[in-house]
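The following exercises are to be worked through with the sequence and the three-dimensional structure at hand. Each task is followed by a solution in steps.

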Amino acid sequence: MSRIAYVNGRFTRRAEAFVHIEDRGYQLADGVYEVWALFDGKLADPEGHFARLERSLSELRIPMPMSREALTMVLREAVRRNGVREGLLYLQVTRGVAPRMHAFPQNPVPPAVVITVNRVDRAADEARAAQGVAVTTTPENRWGRCDIKTVGLLSNVLAKQAAREAGAVEAWYVDELGLVTEGASSNAWIVDADGVLRTRDTQANILRGVTRLSLLEVAQEAGFEVQQRPFSVAEAKAAREAFITGAGSLVLPVVKIDGDPVADGRVGPVASRLRRLYIERARATAI
Ligand code: PDD
């Protein structure tokens, strides 16, 4: 754990960093967040994360707490103060502090901002990626606005815990048609039987993953055929490869689904290559 947090305009020691008990994020999950991968102390996929933050806030009618330029400076300062090179930065913006009621505060309050930075052991992550991971599946039971990156993650928390208890690292949500929507904290992909890369389209009720978006470009530049269209759990098990993307997982091969192997149960060449290409590009374009 890194030592310094940013809370509402101040950098403080993490152990002494607190938010108000009537922060609407705490009481009502009335807020949004972003997670940036940090490569060499720099923010990965900056444009994608800033654009999604602005969109999530605007959908909830919460103002940006400061300009993008000012926020970039604060995020970088948080990274610098923690001395983290390889890690993850968490930013949370809630509607602010007000006596509890469901509707927005009648007199507007400033949004509340929290930033924390954590180190990531890239060598351990690479070892895990080389082995591949297991996922479980769970019925889709989230609200209809999963495109907004809100802190309301109770369904995801329960799905992830069930996955962990089954020896898996991620849970894939499956809709009423038997089609995978996305993971509890990642987007889901396969390399189908024809060698085509497939991931769910953003008309569906999913988060528009920033890593997903970057990887769509990386994969197309590398000459892969990519289709944004759904796949079933059966198709995923029968696929050549499966993997997940996210700021935490980057590109992470999936070798088991609900205890069944994907193809021969080994990490395949496409996911490994895409992981390498994504990381190369993210490192080169981080700010
Ligand atoms: N989760 N889908 C969900 C539900 C997510 O929570 C995330 C990210 C993603 C991938 O999005 P991105 O590529 O922009 O990280 C997809 C973050 C990492 C988290 O909750 O910690």
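**Exercise 1. A salt bridge between two helices**

Task: Determine how far apart the closest N and O atoms of E54 and R68 are, and which helices hold the two residues.

Solution. The structure under study is a predicted model.

Step 1. E54 and R68 form a salt bridge in which the closest N and O atoms are 3.0 Å apart.

Step 2. E54 belongs to helix α2 (residues 46–59) and R68 to helix α3 (residues 68–82), so the salt bridge ties together parts that are 14 residues apart in sequence.

Step 3. Buried means a relative accessible area under 20%, exposed means over 50%, and partly exposed lies in between. E54 has a relative accessible area of 27% and is therefore partly exposed. R68, at 23%, likewise counts as partly exposed.

**Exercise 2. Further salt bridges**

Task: State how many salt bridges the structure holds, and examine the pair D30 and R95.

Solution.

Step 1. The structure holds 25 salt bridges.

Step 2. In one of them, the side chains of D30 and R95 meet at 2.6 Å, N to O. This pair links distant parts of the chain, 65 residues apart: D30 is in the loop between α1 (24–28) and β3, and R95 is in the loop between β5 and β6.

Step 3. Both D30 and R95 are buried.

Step 4. A further salt bridge joins D147 to R145, with the closest N and O atoms 2.9 Å apart. D147 has a relative accessible area of 9%, so D147 is buried. R145 has 30% relative accessibility and therefore counts as partly exposed.

Step 5. D147 and R145 also take part in a network of salt bridges that links R55, E59, R145 and D147.

**Exercise 3. An open sheet**

Task: Give the order of the strands in the open sheet of 6 strands, and name the edge strands.

Solution. A general point comes first: the strands of a sheet pair through backbone hydrogen bonds, either parallel or antiparallel.

Step 1. The order is β2-β1-β6-β5-β3-β4, and the pairing is antiparallel. The edge strands are β2 (10–13) and β4 (42–43), each of which pairs on one side only.

Step 2. Strand β5 (residues 87–94) pairs with β3 (residues 31–39) over 8 bridges in the antiparallel sense. Within this pairing, L88 in β5 is the bridge partner of A37.

Step 3. Strand β5 also pairs with β6 (residues 112–119), again antiparallel and over 8 bridges. Here R119 in β6 is the bridge partner of G87.

Step 4. Strand β5 is mostly covered, as 6 of its 8 residues are buried.

Step 5. Strand β1 (residues 4–7) is joined to β6 by 2 bridges, and the two run antiparallel. V7 stands opposite V114 in β6.

Step 6. V113 is also found in β6. With a relative accessible area of 4%, V113 is buried. V113 and Q92 are 21 residues apart in sequence, yet their C-alpha atoms are 5.7 Å apart in space.

**Exercise 4. The partners of β7**

Task: Decide whether β7 pairs with β14 and β8 in the parallel or the antiparallel sense.

Solution.

Step 1. The pairing of β7 with β14 (residues 250–257) is parallel and extends over 3 bridges. In β14, I257 is the bridge partner of V135.

Step 2. β7 and β8 (residues 170–174) run parallel and are joined by 5 bridges. P139 stands opposite V174 in β8.

Step 3. β7 is mostly covered: 5 of its 7 residues are buried.

**Exercise 5. The surroundings of the ligand**

Task: Identify which of the 20 residues around the ligand come nearest, and describe the contacts of E182, V210 and K149.

Solution.

Step 1. The nearest residues are Y33, R52, E182, V210 and T211.

Step 2. An N or O atom in the side chain of E182 is 2.6 Å from a nitrogen atom of the ligand. A polar side-chain atom of K149 lies 3.3 Å from a ligand nitrogen atom. V210 places a backbone N or O atom 2.8 Å from an oxygen atom of the ligand.

Step 3. On its own the ligand has 470 Å² of accessible area, and the protein covers 88% of this.

**Exercise 6. Buried or exposed?**

Task: Classify T150 and L158 as buried or exposed.

Solution.

Step 1. T150 is found in the loop between β7 (133–139) and α5. Its relative accessible area is 10%, so T150 is buried. The side chain of T150 reaches the backbone nitrogen of G152 at 3.0 Å.

Step 2. L158 is found in helix α5 (residues 154–165). Its relative accessible area is 56%, and L158 is therefore exposed.

Step 3. Together with L154 and V157, L158 makes a nonpolar surface patch of about 320 Å².

Terms used:
Residues numbered from 1 in each chain as written. Predicted model: local features only at pLDDT ≥ 70, side-chain atom pairs only at ≥ 80, totals over all residues. Heavy atoms only, no water. Patch = residues over 30% accessible without salt bridge, like charges linked within 9 Å, V, L, I, M, F, W, Y side chains within 5 Å. Areas by Shrake-Rupley, 256 points an atom, 1.4 Å probe, with all protein chains shown as cover. Salt bridge = Lys/Arg side-chain N within 4 Å of Asp/Glu carboxyl O. Helix = DSSP H or I, 4+ residues; strand = E, 2+ residues; numbered from the N terminus. Buried < 20%, exposed > 50% of the residue type's maximum accessible area, 1.4 Å probe, protein only. Pairing = 2+ DSSP bridges. Near = heavy atom within 4 Å. Polar contact = N/O pair within 3.5 Å; in protein donor to acceptor, adjacent residues only side chain to side chain.
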